[in-house]
Amino acid sequence: MKLLIAVTHLLGTGHLSRALALAEAFAARGWSVDVVSGGRPAPHLGSSGATLHQLPPLASDGADFATLLAADGRPADAALFAARQAMLTGLLDSLRPDVLITELFPFGRRALAAEFDTLLERARALPRPPLTLASVRDILAPPSKPKRVAETEDRLLRFYDGVLVHSDPTLIPLEDSWPLTPAMRPLLRYTGFVVPPPPVPDDGTDGSAEILVTAGGGPVGRPVFEAAARCAALCAASGALPRRWRLLVAKGDAALADRLRAMAPADRLLVEPVRPDFRALLGRASAAVGRCGYNTALDCLTAGVPSVFCPFEDGKEVEQTIRAAILARQPGIATLREADLTPDSLAQALQSVLGARIPPLSPASLAGAARSVEIVETLLAEKTS
């Protein structure tokens, strides 16, 4: 069986990371998998078992997802969009997949509607149209206008055989963020969360009893890192909270890392580049501080580490705020809006969660990648029978 996944990440790399995790699960079951990525290259993400195709890349202008930038930072022009569209449809024609998955679309990526619509129309016109599915995370950005719901419903009914929802509906149902219509509901297939396998146990001690802070690169992470470094200095003076703080800063943010190191005593604050064993560090920490993206939130939940989430809220972004509010209903999790983020408020939030036990997620709710394969194989058998 052959699978083609079309994904474009515009700000962070979470969408691509999730698509690649799905690709790996399908490849492990013997599928031939191709992933077409339309965002900026992310060499730190592996594509084990899948063939990765890179479209001429796009990125959003910060949190403005209506303004798309080319690789050189200039606004994308018609020629770039035409090249992307030609490559997408060319791959579809040459690969002739049994299954086509569009990540986020049609619930999001409206700025790319023309290229997705062309891809879907071409797929439907093939002699043997593929099973066509949308793939979405637990939380969606709510539609800004009522007509967006109608447009999404129309595309789903015209082109799609189902929607893979990578969530546990007992914890985060899709309707918590998106107004589902009666016509949409029968298409939903909840898979559970898509998470990487647990880290291999080792004898390492790095991170033990520390406060671990990770918040992404550039302007997205800077407010959280700076508040954490100042909080570490505050706690050094007062003797409150665990003694050691570890901040994992993006490798390209050397200037930020140097500035953070100057904010607190070296025996209290360690600033280093993001590490591949981040999830192992998380499992040894006393508490975690970070944004509340899909991957970060799930890493904290699966590690069972008390956490303070500071959701990213720039522009019209509400996804992380919704997720943080839902998760904060559980013990061991606190949320702190960026407008309220100070060294004092962060210290108080940490004190409120330290020592608490986060209820573990069930194995079924963490098997989203494998369950996605099972669902797709069932739907494909029904379609071809």
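User: Why is Phe107 called buried in this predicted model?

Analyst: Buried means under 20% relative accessible area. Phe107 has 3%, so Phe107 is called buried.

User: And what makes Trp178 count as buried?

Analyst: The same kind of check works here. Trp178 has a relative accessibility of 1%, and the cut-off is under 20%, so Trp178 counts as buried too.

User: Why is the pair of Phe107 and Trp178 called edge-to-face?

Analyst: Take it in two steps. Rings pair if their centres lie within 6.5 Å, and these two centres are 5.3 Å apart. Planes over 60 degrees apart count as edge-to-face; here the angle is 80 degrees, so the name fits. The two residues come from distant parts of the chain, 71 residues apart: Phe107 lies in the loop between strand E5 and helix H3, and Trp178 in the loop between strand E7 and strand E8. In total, the count is four aromatic pairs.

User: How do you know that Cys231 is in no disulfide?

Analyst: A disulfide needs two cysteine sulfur atoms within 2.5 Å. For Cys231 the nearest cysteine sulfur, that of Cys235, is 4.0 Å away. For Cys292 the nearest is that of Cys300, 8.2 Å away, and Cys292 is in no disulfide either. The count for the model is zero disulfides.

User: Is Cys292 buried or exposed, and how do you know?

Analyst: Its relative accessible area is 0%, so Cys292 is buried.

User: What makes Arg18 sit over the ring of Tyr294?

Analyst: One part of the rule asks for a distance within 6 Å of the ring centre. The charged end of Arg18 is 4.5 Å from the centre of the Tyr294 ring, and it sits over that ring.

Key:
Residues are numbered from 1 along each chain as its sequence is written. This is a predicted model: local features need pLDDT of at least 70, side-chain atom pairs count only at pLDDT 80 or more; totals for chains, interfaces and linings use all residues. Side-chain values use heavy atoms; hydrogens and water are left out. Buried means under 20% relative accessible area, exposed over 50%, partly exposed in between (1.4 Å probe, protein chains only). Rings of Phe, Tyr and Trp (its six-membered ring) pair if their centres lie within 6.5 Å; planes under 30 degrees apart count as stacked, over 60 as edge-to-face and the rest as tilted. Helices (H or I, at least four residues) and strands (E, at least two) are DSSP runs, numbered from the N terminus. A charge sits over a ring if NZ of Lys or CZ of Arg is within 6 Å of the ring centre and within 35 degrees of the ring normal.
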